[in-house]
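Here's a walk through one protein chain, strand by strand and pocket by pocket. Keep the view open beside the text as you read.

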Amino acid sequence: GRSWQQTSVRSPAGTPYPAGSTYQLPLVTGPHSAVLGVSSANTPNTIDYFVTFDDGQTWTHIQAPPGYANAGSYRGAGSFIGSDVWVVPEGNAVAWTHDAGKTWTTLPGNGLPDKSSVRSVEFTDGQHGWALVDVGQPGDAFQAPGQLYATDDGGRTWRLLTPGLAA
C-alpha cells in the first residue's frame, strides 16, 4: 500500500459506467489476482464482474454462462477463489467456471427448491460453500426468505441448514 496507481474499468460494451454506478471493493483472490464488481446505474439489480491476474494493470470482464437473460451480468453475489468462480445468473441457478469465465458449468442445484431465488453464494474452497436462498417467486412475497443452504461437493447438491433467517 505504499504506492497506488489509478486504473479504469469499462463496461462490457466498452463504454464508461454512468454516474451513480456502484463499485464494490476488489476482492483479492490470489497473490496477483482480484475481482471487482460493478453495478451500473442503468441496471442496478445486476452486477458485472471483472478479474485481474496482474495486480490490477488490466481487468477482464467475466463472461456470463451462455443462455441466461442477463448474459454478461449477474443477479446475485458471487464467490471467487483464484480462477474458480461461482455466480448466480438467475433464479435458483448457480453456475461455476474454473477458468475465469472461458467455460461454464450450470450446476444442477439438487436440494434447492424449484420455486426459489438464490440471493448469494460463498465458497471457502472448491467443494464447500453456502447459498442464501429465498423460497417462492419474486413478486409473490417469498414464503421463506433467507434460508441458508450448504454444499460440500462444489454446488452440485445442497442441504438446508436453517429453517429461515430474519429478513
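## Starting at V35

V35 is buried, with a relative accessible area of just 3%. That is well under the 20% cut-off, so it's an easy call. The model you're looking at is predicted, and V35 sits in its strand β3, residues 34-39.

What does V35 touch, once neighbours within four places in sequence are left aside? The list is L25, P26, L27, T29, Y49, F50, V51, W59 and F80. S83 is another residue to check from here: V35 and S83 are 48 residues apart in sequence, and their C-alpha atoms are 9.7 Å apart in space.

## The overall layout

The protein chain has 13 strands and zero helices, so the pattern along the sequence is β followed by β from start to finish. Of its 167 residues, 44% count as buried.

Now for the contacts across the chain. Take those with a separation of 6 or more: residues 24 or more positions apart account for 37% of them.

## Strands β7, β8 and β9

Strand β7 covers residues 84-88, and four of its five residues are buried, so the rest of the structure largely encloses it. Its partner is β8 (residues 94-97): the two run antiparallel and are joined by three bridges. To find the register, look for V85 of β7, which stands opposite T97 in β8, and for W86, which stands opposite W96.

In a regular strand, side chains alternate between the two faces of the sheet. Are the faces of β8 covered or open? Both are covered: V94 and W96 are buried on one side, and A95 and T97 are buried on the other. On from there, three bridges join β8 to β9 (residues 105-107), again in an antiparallel arrangement. W96 turns up here too, standing opposite T105 in β9.

## Two nonpolar cores

The largest nonpolar core has 14 residues, and the members that touch the most others are W86, V94, V118, V121, V133 and W158. Which elements give two or more residues to this core? They are β7, β8, β10 (116-123) and β11 (129-135). Another core, of eleven residues, lies apart from it, and its members include Y49, V85, V87 and A100.

Y49 is worth a second look, since it links back to the opening: Y49 is among the contacts of V35, and it belongs to the eleven-residue core.

## W158 and A150

W158, one of the best-connected members of the largest core, has a long list of contacts beyond its neighbours within four places in sequence. The list runs through V94, G109, N110, G111, L112, F123, G129, W130, A131, Y149, A150 and T151.

A150 is on that list, and its place is in strand β12, residues 144-151. At 4% relative accessibility, A150 counts as buried. With neighbours within four places left aside, A150 is in contact with G129, W130, T157, W158, R159 and L161. W130 is 20 residues away along the chain, but its C-alpha atom is separated from that of A150 by 4.4 Å.

## T60 in strand β5

T60 has its place in strand β5. Its relative accessible area is 48%, so it's partly exposed; the exposed class begins over 50%. Outside its neighbours within four places in sequence, T60 is in contact with Y49, F50 and V51. These three residues also appear among the contacts of V35. From R10, T60 is 50 residues away in sequence and 9.5 Å away in space, C-alpha to C-alpha.

## D55 and the largest pocket

Finally, the loop between β4 (48-52) and β5 (60-61), which is where you'll find D55. D55 has a positive phi of about 60 degrees, although it is not a glycine. Its relative accessibility is 51%, so D55 counts as exposed.

D55 also belongs to the lining of the largest pocket, and it is one of the residues nearest the centre, together with S3, W4, Q5 and G56. The pocket holds about 330 Å³ of space. How do the eleven lining residues split by class? Seven are polar, two are nonpolar and two are charged.

Notes:
Residues numbered from 1 in each chain as written. Predicted model: local features only at pLDDT ≥ 70, side-chain atom pairs only at ≥ 80, totals over all residues. Heavy atoms only, no water. Buried < 20%, exposed > 50% of the residue type's maximum accessible area, 1.4 Å probe, protein only. Pairing = 2+ DSSP bridges. Core = buried A, V, L, I, M, F, W, Y, C linked by side-chain atoms within 4.5 Å. Contact = heavy atoms within 4.5 Å. 1 Å grid on protein atoms, 1.4 Å probe; cavity = no way out; pocket = protein on both sides within 12 Å on 5 of 7 lines; lining within 4 Å. Points joined across faces, edges and corners; volume = space filled by probe spheres on them. Nonpolar A, V, L, I, M, F, W, Y, C, P; charged D, E, K, R; others polar.
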